[in-house]
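Biologist: I'd like a close look at one part of this model, please. Start with a contact between side chains, then work outward from there.

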Amino acid sequence: MKQFKLKEDLLTNFNKIYMRTVMAFAHDRFFVCGVVICCLLALSCQKRKELLDQPVYEGPLVSMDSIYTKMSDSAKVTVILKAAQQYNYEGGDREWPKGLYLEYLDDDGEVVSTFRADYVYYTFKDNLYRSEGNVVVKSLDNEDELNTEELFWNPSDEEFYTDRFVTIQSDDEVHTGEGLRADQDFSSYKILKPQGTLLIEE
């Protein structure tokens with residue numbers, strides 16, 4: 001009877017020790033797994049933060065050289081665009097960093113005026129061209145010529161405008177002033193703040 005009780009005690013102690021060992025092992029494994037998961041989550045968050053901290057690319061989506069484009073309205077070509085380089089941006093904006101040359105055509109397809117500038121940027125949202133540097137608009141009908149450093153072209157209203165200083169050569173006269181509104185074909189224009197007229201001596 002004593003021997004049987006001793007075996008029973010040994011078996012009970014063995015079961016207790018076994019369960020303690022299993023629980024300790026499981027606890028350790030759970031702890032290690034928890035640490036590993038926390039490390040992985042921290043690394044994942046760090047990688048995500050690095051990706052979010054990357055600068056957003058705002059450059060052109062497309063770059064093209066030697067541009068020749070015909071723009072039409074009601075199946076008639078109204079403008080011919082020529083440029084050495086063109087950048088297309090997200091959202092429809094465009095840029096001509098090496099200058100732009102335009103020819104405006106009448107209903108018969110004849111060129112009535114020309115435009116050129118050192119730099120032009122087109123904003124799709126406003127349907128507006130902003131030109132800078134040696135901007136020249138010329139009427140081929142009366143040979144009037146506009147010179148300025150900044151000019152906006154609104155295709156929807158078919159007009160040019162600026163608030164900058166302008167000079168207009170017309171026949172043997174040069175008109176100067178600040179600000180201008182003009183038709184797209186440069187057949188009529190108005191200097192907003194005229195400053196004077198110079199006679200050109202031949």
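Biologist: Which side chain meets that of Arg 130 in a salt bridge, and at what N to O distance? After that, please take me through strand β8 and its surroundings.

Modeller: Happy to! A word on the ground rules: this is a predicted model, with residues numbered from 1 along each chain as its sequence is written, and local features need pLDDT of at least 70. Side-chain atom pairs count only at pLDDT 80 or more, totals for chains, interfaces and linings use all residues, and side-chain values rest on heavy atoms, without hydrogens or water.

The partner of Arg 130 is Glu 132, with an N to O distance of 2.1 Å. A salt bridge here means a side-chain nitrogen of Lys or Arg within 4 Å of a carboxyl oxygen of Asp or Glu. Arg 130 is partly exposed at 26% relative accessible area, and Glu 132 is partly exposed at 31%; the term covers values between buried (under 20%) and exposed (over 50%), using a 1.4 Å probe and protein chains only.

The structure holds three salt bridges, and one of them leads to β8. Glu 150 and Arg 164 bring their closest N and O atoms to 3.5 Å. Because Glu 150 sits in strand β8 and Arg 164 in strand β9, this contact ties together parts 14 residues apart in sequence. Glu 150 counts as buried at 15% relative accessibility, whereas Arg 164 is partly exposed at 40%.

Now to the strand itself (strands are DSSP runs of E with at least two residues, numbered from the N terminus). Seven of the 10 residues of β8 are buried, so the rest of the structure largely encloses this strand. Two strands count as paired if DSSP finds at least two bridges between them. On one side, β8 runs antiparallel to β7 (residues 128-139), joined by eight bridges, with Val 136 opposite Asn 147. The two strands form a hairpin with five residues between them, and Glu 143 in that turn has a positive phi of about 65°. β8 also pairs with β9 (residues 159-170), again antiparallel, over seven bridges; here Leu 146 stands opposite Ile 168. Four residues separate β8 and β9 in their hairpin, where Glu 158 has a positive phi of about 55°.

β8 also takes part in an aromatic contact. Rings of Phe, Tyr and Trp (its six-membered ring) pair if their centres lie within 6.5 Å; planes under 30 degrees apart are stacked, over 60 edge-to-face, and the rest tilted. The count comes to nine such pairs. One of them is edge-to-face, because the rings of Tyr 104 and Trp 153 have centres 5.3 Å apart and planes at 85°. Tyr 104 belongs to β4 and Trp 153 to β8 (residues 145-154), so to speak a long-range link, 49 residues apart. Tyr 104 is buried at 1%, as is Trp 153 at 4%. Ring pairs gather both into a cluster with Trp 96, Phe 115, Tyr 122, Tyr 129 and Phe 160.
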